[in-house]
Amino acid sequence: MKLQRWIQSVKNQIALIVGILIAAAYGWQWLGGVPIVMRGLLLVASILGIAPIFVQAYQALKVKVISIDLLVTIAVIGAFIIGEFNESAIVTFLFLFGSYLEQRTLRKTRESIRSLSEMAPQTAQVLNVDGTITEVAVDEVTIGAQILVKAGAQVPVDGQVTRGRAYVNEASITGEAQLVAKEIGDAVYSGTLVDNGTLTVMAAKVGDDTTFAQIVELVEEAQDSKSSAEKFIDRFATYYTPAVLGLAVIIGLMTHDFKLAITILVLGCPGALVIGAPVSIVAGIGNGAKNGVLIKGGEVVNTMAGIDTVVFDKTGTLTKGDTAVSHVKFYTPAQREVLARTAAVEAQSDHPLGKAISRYAGEQGLHDLPTVTHIETLKGLGVQAVIDGQTIRVGRAKLMTDAGLQLTDEQAATVTKNQIAGQSTVLVAVEQQIVLIIGIADTVKPEAKTAIASLKKNGIKQLVMLTGDNEQAANAIAHEVGITEFHANLLPAEKVDFIQDYQAQGQKVAFIGDGINDSPALALANIGIAMGSGTDVAIETSDIVLMRSTLSEVVYADYLAKATARNTVQNIVIAVGTVVLLLLGLILGYVQMASGMFVHEISILAVIFNAMRLMRFKIR
Amino acid sequence: MAKLVMQLDELSCPSCMQKIQAGVSQQTGVESVKVLFNASKVKAEYDALVTDPEQLTQVVTDLGYNVQSFKVK
């Protein structure tokens with residue numbers, strides 16, 4: 001066992017020695033030395049070279065796997081028996097050297113992800129009650145512990161700033177190297193870097209639960225989650241290797257051509273076929289991860305590349321979702337009380353409009369909010385709750401009319417006026433009386449217009465905006481970003497219907513959204529793309545996560561998926577082409593064992609180098 | 001059902017994956033095995049009453065792959 005492991009560990013050195021021995025043997029021949037020495041050198045080279053390959057073959061056989069190593073081992077022993085020492089030596093050398101190069105180049109394609117996981121912090125400076133500091137491994141930090149993070153250090157946990165202020169580089173999470181100011185109460189993430197200043201952070205999530213650890217895990221899983229094509233190749237390879245072995249035996253028995261039989265063994269190594277597609281996917285997903293686009297696997301890449309319809313949610317996707325209250329109109333003298341109650345209800349919600357209202361109330365100096373009971377979210381309509389025994393409804397006009405409330409002419413006019421201005425309207429009713437109308441404005445993301453144009457240019461045929469908002473607000477936004485088709489006043493379930501309709505017409509649909517009520521649409525669409533700033537649920541149900549929550553990333557994902565899919569096809573062509581070429585060569589008698597192995601190794605390197613081009617992929 | 005995650009030295013041949021997959025899943029008490037080729041990780045779900053992490057890492061080591069570290073979740 002120890003010997004086996006030792007042989008494995010010096011595999012690369014063995015390759016080097018075998019190479020030198022072969023060179024020496026041919027050098028000797030060239031100098032005109034006696035042939036017996038050359039044969040001796042090649043004999044030693046063969047024996048040395050086959051050792052690690054044999055060990056690998058043996059270990060695989062023990063768990064009932066017929067591996068390529070076994071094919072090569074049999075071939076080399078065969079060549080050895082018929083006295084073709086030069087062939088056997090060269091084949092082992094090429095095989096070992098090839099796997100060394102494979103290892104080196106594969107390392108490169110995995111670099112993006114490795115650099116990501118290596119960024120993970122290891123220890124945390126835990127601040128004790130008595131003011132002393134203990135260094136603790138990140139996995140062992142208790143939730144609620146106070147962690148000290150100094151300038152130049154990494155934040156080791158997800159949590160909230162409890163003391164100090166600092167500028168933090170969040171590139172590890174968002175892919176964007178921009179300094180973000182953090183103050184008391186702000187959320188900070190594990191893996192981000194404090195650029196200057198000192199923070200004390202209360203740990204909320206530690207170890208594998210942190211956002212950063214989850215990103216790493218997601219990307220790691222994604223790289224190895226296979227597309228159906230890859231799964232097919234895998235299954236194929238499982239049967240392929242034993243089949244080649246069988247074929248060689250049959251041909252050997254039929255033709256009595258021992259040399260032909262062992263040549264088939266070498267040529268039959270699946271090589272580039274097995275590695276071709278996965279290596280493209282790894283490079284593509286790695287590139288995405290580095291640029292804030294998390295793609296969850298090979299299948300997603302292929303599906304994304306075939307998307308022809310992109311459906312956007314409006315709020316938080318095309319618009320900033322960073323809404324602000326633009327005006328309020330009260331229909332009651334108890335203005336502050338009503339506003340406080342509204343804010344209390346909305347404080348329970350993470351809807352963008354709710355956040356805007358909470359923030360507005362805060363700005364008005366309302367911090368002591370009344371207690372809310374019996375809170376109930378009516379998806380797409382609003383919220384209903386009870387405060388001090390009175391029913392409060394906060395939501396769209398439809399929520400009010402559904403509850404049997406009547407809007408006065410003046411109130412209806414205010415709602416219409418807001419709509420025309422492209423603003424969202426939130427109505428508040430206490431019991432059966434409408435007491436407040438709030439106008440909330442949202443702004444379009446600055447990159448939206450160019451992003452939409454780029455998607456059109458890259459072959460997306462249909463772009464659609466769906467929103468729960470009213471017609472006028474939708475029209476204003478759609479017009480601004482350059483989308484011609486939009487559907488307003490939709491409930492979450494109706495958004496799903498639209499996607500189903502498109503799919504029924506044979507279209508491949510990507511849906512882009514963020515909020516909690518988008519999850520069904522995200523799950524149903526061929527590709528669900530979630531904005532990273534959205535809720536956890538949305539990120540889980542989606543296929544692609546955009547860490548920076550920008551529309552430029554949608555464009556990036558689209559172009560990258562297409563480039564990766566193209567690259568995969570190129571690699572499959574290279575791999576299959578090599579096999580065809582070798583077969584032709586074999587039939588025509590041009591290909592020997594050693595030259596066959598050489599072509600194989602070249603094809604493996606060719607697919608890896610081709611995939612590496614994806615690592616440098618950028619949108620021109 | 002316990003979950004074991006092993007970090008291996010860099011894996012570079014797809015056939016290694018097959019070997020590890022087969023080797024670990026043939027152990028009694030192992031429910032599912034996933035070899036992450038690119039991350040060079042092995043994730044296994046196993047019955048803690050039947051087998052233990054030491055035994056499973058030993059299988060991988062015996063196959064000729066060095067286990068750098070492992071974590072039980």
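**Aromatic pairs and a nonpolar surface patch in chain A**

A:Tyr100 has a relative accessibility of 27% and therefore counts as partly exposed, in what is a predicted model. A:Phe97 is likewise partly exposed, at a relative accessible area of 35%. These two residues stand three positions apart in helix 5 (residues 85-109) of chain A, so about one helical turn separates them.

A second pair of rings is formed by A:Tyr556 and A:Phe617, whose arrangement is edge-to-face, with 5.7 Å centre to centre and 65 degrees between the planes. A:Tyr556 belongs to helix 23 of chain A, while A:Phe617 is in the segment after helix 24; the pair therefore ties together parts that are 61 residues apart in sequence. Both A:Tyr556 and A:Phe617 are buried.

Over all chains, the count comes to four aromatic pairs. One of them joins A:Phe97 and A:Tyr100, which are stacked, at 6.2 Å centre to centre and 25 degrees between the planes. Ring pairs also bring in A:Phe93, linking it with A:Phe97 and A:Tyr100 into a cluster.

The surface offers another feature. A nonpolar patch there consists of A:Ile572, A:Val576, A:Val580, A:Leu584, A:Ile587, A:Leu588 and A:Tyr590, which together have about 730 Å² of accessible area. Within this patch, A:Tyr590 is located in the loop between helix 23 (551-588) and helix 24 (593-612) of chain A. Residues count as exposed over 50% relative accessible area, and A:Tyr590 is classed as exposed because its relative accessibility is 68%.

Technical notes
Residues numbered from 1 in each chain as written. Chains lettered and ligands numbered in written order. Predicted model: local features only at pLDDT ≥ 70, side-chain atom pairs only at ≥ 80, totals over all residues. Heavy atoms only, no water. Patch = residues over 30% accessible without salt bridge, like charges linked within 9 Å, V, L, I, M, F, W, Y side chains within 5 Å. Areas by Shrake-Rupley, 256 points an atom, 1.4 Å probe, with all protein chains shown as cover. Salt bridge = Lys/Arg side-chain N within 4 Å of Asp/Glu carboxyl O. Helix = DSSP H or I, 4+ residues; strand = E, 2+ residues; numbered from the N terminus. Buried < 20%, exposed > 50% of the residue type's maximum accessible area, 1.4 Å probe, protein only. Phe/Tyr/Trp six-rings, centres within 6.5 Å; stacked < 30°, edge-to-face > 60°.
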